[in-house]
Amino acid sequence: MKKRKYPLSQIEEIKKRRLEEAEKVLKEKREALTQAEKDLEEKRKALNATQELKLEMIEKYYEEIKQGTTSLMMERHDSYIREVINVKLAEEKKKVDDQKKVVKEAQAELEKARQNRIKKNQELEKIHLHKEEWKKEVRKEITIEEAGVSDELGTAMHSRKMKKRK
């Protein structure tokens with residue numbers, strides 16, 4: 001008897017490929033999120049280093065004030081802290097804030113990829129369930145056909161026996 005081929009096998013292959021692609025995208029998004037979090041941590045370290053530098057400069061400035069310094073030196077320190085350190089600190093804060101946005105976007109992309117993978121997996125599961133139901137139907141049909149063939153053979157054998165007896 002001829003073996004039957006699942007009629008939706010091409011669709012099943014397409015669904016498998018799409019699931020594999022969704023898994024690949026999910027992996028890439030996880031890696032992107034990990035990298036964005038690493039970058040955020042580096043930018044936070046740079047911000048902390050700048051904040052520590054500012055504190056050190058202020059402490060140094062106050063030590064010089066205690067020891068007695070000229071007003072020109074005080075102005076230079078004050079100017080340096082305002083113009084250089086505060087600007088650098090603001091830049092570092094902006095970098096951290098921007099990187100936080102990048103991390104949030106990466107998290108959102110990861111969640112989209114995760115949902116897409118779940119959807120693709122569900123689609124493939126539906127095809128597998130359909131295939132199992134199809135196999136059951138095919139088995140039923142084969143059983144019915146075999147029963148019909150068996151009935152025909154039985155009838156033919158019975159008819160032959162009856163003719164031989166006559």
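Which residue forms a salt bridge with Arg4? In this predicted model, the partner is Glu141, and the closest N and O atoms of the two sit 2.3 Å apart. The contact ties together distant parts of the chain: Glu141 belongs to helix H2 (residues 71-165), while Arg4 lies in the segment before helix H1 (9-67), with 137 residues separating them. As for solvent, Glu141 comes out partly exposed at a relative accessible area of 37%, and Arg4 is partly exposed too, at 33%.

Two other pairs run between the helices. Glu12 in helix H1 teams up with Lys131, which sits in helix H2, 119 residues away. Then there's Lys29 with Glu109, again helix H1 to helix H2, this time 80 residues apart.

Here are the three pairs side by side:

| Salt bridge | Closest N and O atoms |
|---|---|
| Arg4 and Glu141 | 2.3 Å |
| Glu12 and Lys131 | 3.4 Å |
| Lys29 and Glu109 | 3.5 Å |

How buried or exposed are the residues of the helix-to-helix pairs? Glu12 counts as buried, because its relative accessibility is 4% and the cut-off for buried is under 20%. Its partner Lys131 is partly exposed, with a relative accessible area of 21%. In the other pair, Lys29 is partly exposed at 27%, and Glu109 is partly exposed at 33%.

Back to Arg4: salt bridges with shared partners join Arg4, Glu141 and Glu145 into one network. Over the whole model, the count comes to 12 salt bridges, including the three pairs in the table.

Note on methods
Residues numbered from 1 in each chain as written. Predicted model: local features only at pLDDT ≥ 70, side-chain atom pairs only at ≥ 80, totals over all residues. Heavy atoms only, no water. Salt bridge = Lys/Arg side-chain N within 4 Å of Asp/Glu carboxyl O. Helix = DSSP H or I, 4+ residues; strand = E, 2+ residues; numbered from the N terminus. Buried < 20%, exposed > 50% of the residue type's maximum accessible area, 1.4 Å probe, protein only.
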